[in-house]
Amino acid sequence: MKKPKITVIGAGNVGATTAHRLSEGHLGDVVLVDVLEGVPQGKALDLYQAAPVVHHDCMLVGANDYEATAGSDIIVMTAGLARKPGMSRDDLQDANAKIVAECISRSVRKSRDSIIIMVTNPLDVMCEVARRVSGFPRERVIGMAGILDTARMRAFIAMEMGVSTDSVFALVLGGHGDSMVPLPRYTTVSGVPVTELLSKERLDAIVQRTAQGGGEIVKLLKTGSAYYAPAAGVYEMVDSIIRDRKKILPCAVYLQGEFGLKDVFVGVPCKLGAEGMEGVFQPKLSAEEKALLHKSAGDVAAQIGKLPADLGKN
Ligand code: TXD
């Protein structure tokens, strides 16, 4: 059987770390694409030279164009700018929308049947850019953010309770960023709701720290964004698709009526398998949780409204 082929666009921190994980996890051959001359080629060669030592058979190549990406099964989109001082969120959105539109349109021309995993921020809006530009059905345009947000919450709960992160399950819905909706009610330690195990104060503090996202990491690093945990999130999605594992994972999905929401990308639990996004999993929400999810989706929709109307029409 043919080895899967994965294109990773953007050879920066998230892209290169993702290529590292994908190849050493034996998931497929990787083509790393970036505009910087020599960088994707150099990083791909460096990663491939680890193969004899760590024993994997995945090929890695780097490129500045999309020729080598032809026939990819999965396209992971990480290229883009990080927000610089003085840059508004809207400025970042405009700049990254242009980058995403160009990269996605060029890559899907070479891989018409691929599944796109979006990573570039602002995540939910960039998913919409990719959906419009590619013309792909919603099953094949999925965003990575919820796995990261829930992983952060799980890590904080594990730290608080002194238990393995493996024993902690968390659920976070909504847009990626400030308006995410953590659901402590559905967050458990070995099946027991965390609301029964931690005081309200401790839980609120954990929820707040989770909602800060990578902010505290950016502060520590003084530049850039988090990348080890984000790359791990992409890995989990690619793994579930390529190995048709049908894991239920929180991802940004183009909703079509689920949770009472339509035509907007929002983070929800969904099933990932060989066909991509194979179904939305809908836990019952309280009126308050539903209102928070709708508010979060409203924020994403307002940002999507600022995208150029002709995006994807040429
Ligand atoms: O949860 C999530 N979804 C996220 C998203 C978690 C972490 C990071 N998140 C976002 O991913 C972040 O806000 C950025 O929008 C992307 C990539 O983050 P990364 O940390 O990898 O940024 P880098 O290191 O600056 O890398 C970006 C690369 C860099 O090498 C550029 O040269 C390249 O993108 N780039 C391009 N490549 C190809 N084509 C074009 N047009 C292009 N423009 C920039």
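Here's a quick tour of one helix and two helix pairs in this structure. Keep in mind that the model is predicted. Helix H4 covers residues 89-110, and its buried residues pack against three strands and two helices, among them H5 and H10. H5 and H10 also cross each other, and H1 and H9 make up another crossing pair.

**Helix H4 and what surrounds it**

- H4 runs for 22 residues and spans 31 Å from its first C-alpha to its last, close to the 32 Å you'd expect at 1.5 Å a residue.
- Its buried residues start with Leu92, Gln93, Asn96 and Ala97, carry on through Val100, Ala101, Cys103, Ile104 and Ser105, and finish with Ser107 and Val108.
- As a general point, an α-helix has 3.6 residues a turn, so residues three or four places apart point the same way.
- On the strand side, the buried residues of H4 pack against E1 (5-9), E4 (74-77) and E5 (115-118).
- On the helix side, they pack against H5 (123-134) and H10 (287-304).

**Zooming in on serine 107**

- Serine 107 sits in helix H4.
- Is serine 107 buried or exposed? With a relative accessible area of 0%, it falls under the 20% cut-off, so serine 107 counts as buried.
- Leaving aside residues up to four places away in sequence, serine 107 touches Ile9, Tyr66 and Ile75.

**Where H5 meets H10**

- The H5 and H10 axes come within 9 Å and cross at roughly 50 degrees, so H5 is oblique to H10.
- The crossing of H5 with H10 is right-handed.
- H5 brings Asp124, Val125, Glu128 and Arg132 to the contact, while H10 brings Val300, Gln303 and Ile304.
- Sorted by class, that contact has three nonpolar, one polar and three charged residues.

**Where H1 meets H9**

- H1 (residues 13-24) packs on H9 (residues 228-242) at an angle of about 50 degrees, with the axes 8 Å apart.
- H1 and H9 are therefore oblique to each other, and their crossing is right-handed.
- On the H1 side, Val14, Thr17, Thr18, Arg21 and Leu22 make the contact.
- On the H9 side, look for Tyr228, Pro230, Ala231, Ala232, Val234, Tyr235 and Val238.
- By class, the contact of H1 with H9 has nine nonpolar, two polar and one charged residues.

Conventions
Residues are numbered from 1 along each chain as its sequence is written. This is a predicted model: local features need pLDDT of at least 70, side-chain atom pairs count only at pLDDT 80 or more; totals for chains, interfaces and linings use all residues. Side-chain values use heavy atoms; hydrogens and water are left out. Axes are lines fitted to C-alpha atoms, for helices over the stretch in contact, and angles run from 0 to 180 degrees between N-to-C directions. Helices (H or I, at least four residues) and strands (E, at least two) are DSSP runs, numbered from the N terminus. Angles under 35 degrees count as roughly parallel, over 145 as roughly antiparallel, 65 to 115 as roughly perpendicular and the rest as oblique. A crossing is left-handed if the near helix is turned anticlockwise from the far one by less than a right angle, and right-handed if clockwise. Contact means heavy atoms within 4.5 Å. Ala, Val, Leu, Ile, Met, Phe, Trp, Tyr, Cys and Pro count as nonpolar, Asp, Glu, Lys and Arg as charged, and the others, Gly among them, as polar. The expected span of a helix is 1.5 Å times one less than its number of residues. Buried means under 20% relative accessible area, exposed over 50%, partly exposed in between (1.4 Å probe, protein chains only).
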